[in-house]
Structures are given as structure tokens and as C-alpha cells.
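This report describes the fold of one protein chain, moving from the packing of its helices to its sheet and then to single residues. Please keep the sequence and the structure in view while reading.

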Amino acid sequence: MREGRDLTGTHLGCEHGVCGACTILVDDMPVRSCITYAVACDGAEVVTIEGLDDDEITRELREAFKREHALQCGYCTPGMLVSARDLVVRSVDADEHDIRVAMSGNLCRCTGYVGIIKAIRSVIAARRGRDIAAVAGGGPQYCGSRRVRSRQRRT
């Protein structure tokens, strides 16, 4: 993607799916591009951070990241924004713990996460305050050509 398509927003980090710097959307689901086989994306919609330039939620997140000082070097930011967008879309109401757990797959060496958490929380609260509901059902059931397990909690 970076060299062939000049989509340089997706960063290569750990190459093991741990750091989240390479997070992209495949059929509206965040995935680590470094461990996703290209054949698994056959027939899927693949969106990088560049594809979210005009996205309302991503725009709100970028503003909140700036306002809350959630940016420093910027290396993790594209993956953070993609993962945060998914959380904003799917979370009815998230407290600090929920956000920390949801974002735990995205590592940042600069900010200490306080601004990131505040930014995400503020966007969720603002959207719910404007009566923009979370996506019912918690996400897609298909990712490319493969079935995705349900995200429902079992009690």
C-alpha cells in the first residue's frame, strides 16, 4: 500500500500485529494490515486513513486529538484514529476504562494516553449528545471473504 499505491499514512511498526500503527479498515472493521493476508481482502472494501479524510467521525476525532494534545510525533496517530473511529461508531457510552481496553492494541510512546482517552471520550459524548446513536449489533459479520465471530458478551 505504501509503495505501490502511495498510501503512506498506514505505518509499518512491529510487523507482528501488536502496535496498531498499521491499522486499516477492511469491510468497516479495523484490522492490522501487517498480519492480514492480501487474499483475505479479496472482494472486500479496504480503507486506509487517507480514505477517511472526508469522514465526519474522523474529522471530529482529529479536532479532538488536537484540542486534547493527543498528538506528539504522529507515528501512531493514523492507527489510533482508525481504531478510535471504530470505538466511536460502536460504543453507546464509554468510560475511561472502556476506552483504555478498546485502544490497548494501539501503542504510543509519546503521549501517555491521557489526551487520547479524553479526545475519544469527548467525541463519543458529543455525538451521543447530538442524538447520533451507536451502530446496533456491534459491527459487521463479514470481513472480506471470511465470517467474523460475534462480538456479543456472554454472561
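At what angle do H1 and H2 pack, and how far apart are their axes? In this predicted model, the two helices pack at an angle of about 115°, and their axes are 10 Å apart. The crossing of H1 past H2 is right-handed. From H1, the contact is made by Ile-57, Thr-58, Leu-61, Arg-62 and Phe-65, and from H2 by Met-80, Leu-81, Ala-84, Arg-85, Val-88 and Val-89.

**Overall composition**

The secondary structure of the chain consists of four helices and five strands. Along the sequence these follow the pattern β-β-β-α-α-α-α-β-β. The chain has 155 residues, of which 44% count as buried. Among contacts in the chain with a separation of 6 or more, 64% are accounted for by residues 24 or more positions apart. The chain exposes about 9,300 Å², and carbon and sulfur atoms supply 50% of that area.

**The three-stranded sheet**

Three strands form an open sheet in the order S2-S1-S3, with antiparallel pairing. The edge strands are S2 (29–32) and S3 (46–47), each of which pairs on one side only. Helix H2 packs on this sheet and touches S1 and S2; the direction of H2 makes about 45° with that of S1. As a general point, the strands of a sheet pair through backbone hydrogen bonds, either parallel or antiparallel.

Strand S1 covers residues 23–26 and is joined to S3 by two bridges. Four bridges join S1 to S2, and these two strands run antiparallel. Bridge partners of residues in S1 are listed below.

| Residue in S1 | Bridge partner | Strand of partner |
|---|---|---|
| Thr-23 | Arg-32 | S2 |
| Ile-24 | Val-31 | S2 |
| Leu-25 | Val-47 | S3 |
| Val-26 | Val-46 | S3 |

Thr-23 and Leu-25 point one way from S1, whereas Ile-24 and Val-26 point the other way; all of them are buried. The hairpin of S1 and S2 has two residues between the strands, and in this hairpin Asp-27 takes a positive phi near 50°.

**Arg-85 in helix H2**

Arg-85 lies in helix H2. Is this arginine, Arg-85, buried or exposed? Arg-85 has a relative accessible area of 12%, which is under the 20% cut-off, and therefore counts as buried. Leaving out residues up to four places away in sequence, Arg-85 touches Leu-25, Asp-28, Leu-52, Asp-55, Ile-57, Thr-58 and Leu-61. One of these partners, Leu-25, is a buried residue of S1. Ile-57, Thr-58 and Leu-61 belong to the H1 side of the contact between H1 and H2, and Arg-85 belongs to the H2 side.

**Helix H4**

Helix H4 comprises residues 114–129. Why does the distance between its end C-alpha atoms agree with the expected span of helix H4? The 16 residues of H4, at 1.5 Å a residue, should span 22 Å, and the end C-alpha atoms are 22 Å apart, so the two values agree. The buried residues in H4 are Gly-115, Ile-116, Ile-117, Ala-119, Ile-120, Val-123, Ile-124, Arg-127 and Arg-128. The elements that cover them include helix H1 (56–67), helix H2 (77–90) and helix H3 (96–102). Just after H4, Asp-131 takes a positive phi of about 60°.

**Leu-107 in the loop before H4**

Leu-107 is placed in the loop between H3 and H4. Its relative accessible area is 40%; because this falls between 20% and 50%, Leu-107 is classed as partly exposed. With neighbours within four places in sequence left aside, Leu-107 is in contact with Val-18, Cys-19, Cys-76, Met-80 and Tyr-113. One of these, Met-80, also takes part in the contact between H1 and H2. The C-alpha atoms of Leu-107 and Tyr-75 are separated by 10.0 Å, and the two residues are 32 residues apart along the chain.

Note on methods
Residues are numbered from 1 along each chain as its sequence is written. This is a predicted model: local features need pLDDT of at least 70, side-chain atom pairs count only at pLDDT 80 or more; totals for chains, interfaces and linings use all residues. Side-chain values use heavy atoms; hydrogens and water are left out. The expected span of a helix is 1.5 Å times one less than its number of residues. Buried means under 20% relative accessible area, exposed over 50%, partly exposed in between (1.4 Å probe, protein chains only). Contact means heavy atoms within 4.5 Å. Two strands pair if DSSP finds at least two bridges between them. Axes are lines fitted to C-alpha atoms, for helices over the stretch in contact, and angles run from 0 to 180 degrees between N-to-C directions. Accessible areas come from the Shrake-Rupley method with a 1.4 Å probe; for residues, only the protein chains shown count as cover. A crossing is left-handed if the near helix is turned anticlockwise from the far one by less than a right angle, and right-handed if clockwise.
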